[in-house]
Amino acid sequence: MKLSIKKIIILLFILICSISTSFSAGSFDNKIKKISKNLRCITCQGQSIDASNSDFALDVKNFIKIKLNEGLNEEQIYELLKKKYGSWIVFKPEFKYDNYLLWGFPYLIFLIGGIYIFIKIRKKIIKF
Amino acid sequence: MIKKIQFGILFLIIISLFYFFSEGLKIDKIFSPQKNIGQKLSNFSAPSIFNNEIMITQDSLKNKKFYMINIWASWCAPCREEHPYLMQLSEENLLKIVGINYKDKKNYAITFLKKFGNPYSEIGSDKNGAISIDLGARGIPESILLDDQKNIVAQFIGPLKKNDYKKIIKIIKNK
């Protein structure tokens, strides 16, 4: 009986260890996936680093893995890659003087639309 | 009258949007990333292909006024094409060439160097391509010319051609 309890404890220990290892490995892989999904491949343009199987994409994935192991966070990795390949490498463009229209246009339309609707509703209320 | 003005404004907005988007269609969508000229070389560390215990780093670039980092592999056909120019540059002794052997097997790399000559003072191994990304490479072959402060002076994407060779000599002799 004693021996069987020992065996159960050992089995439980192995089970817990394997689950925790797979969880940590999963989250690490997810981090690589998340970062590589937001990076653009320069050899197969239009595809993300995550979706591409080109040599460049594989190299970038390895680079991300190494930098995460070195303790760098997501933003620091983006900054490093932007420094080497330009801000184009990141799918989400950063706010700069040459792309203010891209960032500001939706808000401008929203504002104009809002003012238009406000005026229309106000007119209707006054008529009533 | 107000309706006419409203219609006119709407018409103008539609026309300007149409012009804006049609002009956008004409823009070249193939992007070529910026070269890193003027930037300082990133810190890198690669084990020597001859001895894993020796690390090739940015500190290996010393005692010369110019340095070149050349990323190459024995399986890469364009690397064979540019190799004579690297040999010429090394024979002229105007700069120090450090090789980064990209995703290659040690014995194949050594056979390549025995066959075509070794222009490199040191060769680091990049087994998984991460070092090349650290150096800002787009592919292989690629050559990065550096000054004594390790600033990138020129970057050659693809095999070195005769014009590139002349350009390198000109840069070195003009400084």
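Reader: How does the span of helix 4 of chain A compare with what is expected at 1.5 Å a residue?

Author: Helix 4 of chain A covers residues 100–127, 28 residues in total. The expected span of a helix is 1.5 Å times one less than its number of residues, and here the expectation is 40 Å. In this predicted model, the distance from the first C-alpha to the last is 40 Å, close to that expectation. The helix itself is a DSSP run (H or I, at least four residues; a strand is E, at least two), and such elements are numbered from the N terminus.

Reader: How are residues and chains labelled, and which features does the model allow one to describe?

Author: Residues are numbered from 1 along each chain as its sequence is written, while chains are lettered from A and ligands numbered from 1 in the order in which they are written. As this is a predicted model, local features need pLDDT of at least 70 and side-chain atom pairs count only at pLDDT 80 or more, whereas totals for chains, interfaces and linings use all residues.

Reader: Where is the kink in helix 4 of chain A centred, and how is the bend defined?

Author: The kink is centred on A:Pro106 and amounts to about 25°. The bend at a residue is the angle between axes fitted to the seven residues ending there and the seven starting there.

Reader: Why is helix 4 of chain A called hardly covered?

Author: A residue is buried if 20 or more other C-beta atoms lie within 10 Å of its own, exposed if 12 or fewer, and partly exposed in between, with C-beta atoms placed from the backbone. Among the 28 residues of helix 4 of chain A, the count of buried residues is zero. Of the 128 residues of chain A, 16% count as buried.

Reader: What makes A:Phe95 count as buried or exposed?

Author: A:Phe95 has 9 C-beta neighbours inside 10 Å and therefore counts as exposed. A:Phe95 sits in the loop between helix 3 (74–85) and helix 4 of chain A.

Reader: Why does B:Phe116 fall into its exposure class?

Author: B:Phe116 counts as partly exposed because it has 15 C-beta neighbours inside 10 Å. Its place is in helix 3 (residues 106–116) of chain B. Leaving aside neighbours within four places in sequence, B:Phe116 is in contact (C-beta atoms, placed from the backbone, within 7 Å) with B:Arg80 and B:His83.

Reader: What is notable about the phi of B:Lys103 and B:Lys150?

Author: Most residues other than glycine have a negative phi, and most peptide bonds are trans. B:Lys103 nevertheless has a positive phi of about 40°, and B:Lys150 one of about 65°. B:Lys103 lies in the loop between strand 4 (96–102) and helix 3 of chain B; B:Lys150 is found between strand 6 and strand 7 (152–157). With 17 other C-beta atoms within 10 Å, B:Lys103 is partly exposed, and B:Lys150, with 16, is also partly exposed.

Reader: Which peptide bond is cis?

Author: The bond from B:Ile140 to B:Pro141 is cis, with omega near -5°. B:Pro141 lies in the loop between helix 4 (130–134) and strand 6 (142–147) of chain B.

Reader: How many residues does each chain give to the contact, and which element of chain A gives the largest share?

Author: Chain A contributes 16 residues and chain B 14. On the side of chain A, the largest share, eight residues, comes from helix 2 of chain A.

Definitions and conventions:
Contact = placed C-beta atoms within 7 Å.
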